[in-house]
Amino acid sequence: MNPLTPALRRELRAKAHHLHPVVSVGQHGLTPSVLKEIDVNLLAHQLIKVRVFADERAARDAMLETICTALDASPVQHIGKLLVVWRRAPEPSPPPAARAGAPRAGARNAGKGERAKPGATTKGKAMAKSAPQARRPRSPLARTAPRAAAPRSTGIAAGRKPSAQARRRRGQGT
């Protein structure tokens, strides 16, 4: 478990405020499959929320402690039945040394000196990605444009005489 500075903890709590729980711990507790799912989500997102359906706070505290020690993560916040966990992103591994002049494995046109594009398929099989892909953050803007307001009638075009207050506003007097 990595200790967090108060400033970093405050920053992480602010970032976690908008997150939804990505893992739920049910009646069977912390099973190896639940720990693996938490690990996968920590690799992808670094900061996650976990919903625990246990009623006793001591049991939830014990689960948070177990998650953090088993996955080398840091507890950020425990509020109600939500646990916020953070783990620093792993250092990227250096690319494997490529042989000079040799085509890459999976290149379609190896004889022509062209390389295969990342994510391209080879003989009907999709190539595996090197790292898990993070979710695209939601846009704070609305998905559709707001409807335009109906044009307002002044009342004159509708055949009505403007009120005395409207005439005063326009400077026409009474």
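Two strands pair if DSSP finds at least two bridges between them. Helices (H or I, at least four residues) and strands (E, at least two) are DSSP runs, numbered from the N terminus.

This is a predicted model: local features need pLDDT of at least 70, side-chain atom pairs count only at pLDDT 80 or more, and totals for chains, interfaces and linings use all residues. Residues are numbered from 1 along each chain as its sequence is written, and side-chain values use heavy atoms, with hydrogens and water left out.

**Exercise 1. Confidence and layout**

Task: State where confidence is lowest and where it is highest in the chain, then list the order of elements.

Solution:
- Step 1. pLDDT is the predictor's confidence in each residue, from 0 to 100. Its mean over the chain is 79, and 61% of the residues reach 70 or more.
- Step 2. Strand β5 (residues 121-122) has the lowest confidence, at a mean of 54. The highest is in β4, at 96.
- Step 3. Where pLDDT is low, the predicted coordinates should not be read in detail.
- Step 4. The chain holds four helices and six strands. From the N terminus on, they run α-β-α-β-α-β-β-β-β-α.

**Exercise 2. Build the sheet**

Task: Work out the strand order of the open sheet and name its edge strands.

Solution:
- Step 1. Start with β1 and β2. They run parallel, joined by four bridges. Here P21 stands opposite K49 in β2.
- Step 2. Add β4. It runs antiparallel to β2, with five bridges between them. V50 stands opposite L83 in β4.
- Step 3. Add β3 (residues 74-79). It pairs with β4 over five bridges in the antiparallel sense. I79 has L82 in β4 as its bridge partner.
- Step 4. Read off the order: the four strands form an open sheet, β1-β2-β4-β3, with mixed pairing. β1 and β3 are the edge strands, since each pairs on one side only.
- Step 5. Add the twist. Neighbouring strands of this sheet are turned by 25 degrees against each other on average, direction ignored.
- Step 6. Check the turn. β3 and β4 form a hairpin with two residues between them. G80 in that turn has a positive phi of about 65 degrees.

**Exercise 3. Is β4 buried or exposed?**

Task: Sort the side chains of β4 by direction.

Solution:
- Step 1. Set the cut-offs. Buried means under 20% relative accessible area, exposed over 50%, partly exposed in between (1.4 Å probe, protein chains only).
- Step 2. β4 is mostly covered: five of its five residues are buried.
- Step 3. In a regular strand the side chains alternate between the two faces of the sheet.
- Step 4. L82, V84 and W86 point one way from β4, and L83 and V85 the other way.
- Step 5. For scale, 23% of the 174 residues of the chain count as buried.

**Exercise 4. The buried side of α2**

Task: Check the length of α2, then find its buried side and its packing partners.

Solution:
- Step 1. The expected span of a helix is 1.5 Å times one less than its number of residues. α2 (residues 32-45) has 14 residues and reaches 20 Å from first to last C-alpha, close to the 20 Å expected.
- Step 2. V34, L35, I38, N41 and L42 are the buried residues of α2. They lie on the same side of α2, because they cover an arc of only 125 degrees around the axis. The arc is that of the directions from the helix axis to the C-beta atoms.
- Step 3. On the other side of α2, P32, S33 and K36 are exposed.
- Step 4. Contact means heavy atoms within 4.5 Å. The buried residues of α2 pack against β1 (21-25), β2 (47-52), α3 (57-71) and β4 (82-86).
- Step 5. Q46 follows α2, with a positive phi near 70 degrees.

**Exercise 5. Repeat for α3**

Task: Apply the analysis to α3.

Solution:
- Step 1. The 15 residues of α3 should span 21 Å, and its end C-alpha atoms are 21 Å apart, which agrees.
- Step 2. R60, M63, L64, I67, C68 and L71 are buried in α3. Their arc of only 125 degrees around the axis puts them on the same side of α3.
- Step 3. The buried residues of α3 pack against β1, α2, β2, β3 and β4.
- Step 4. Just after α3, D72 takes a positive phi of about 55 degrees.

Technical notes. Axes are lines fitted to C-alpha atoms, for helices over the stretch in contact, and angles run from 0 to 180 degrees between N-to-C directions.
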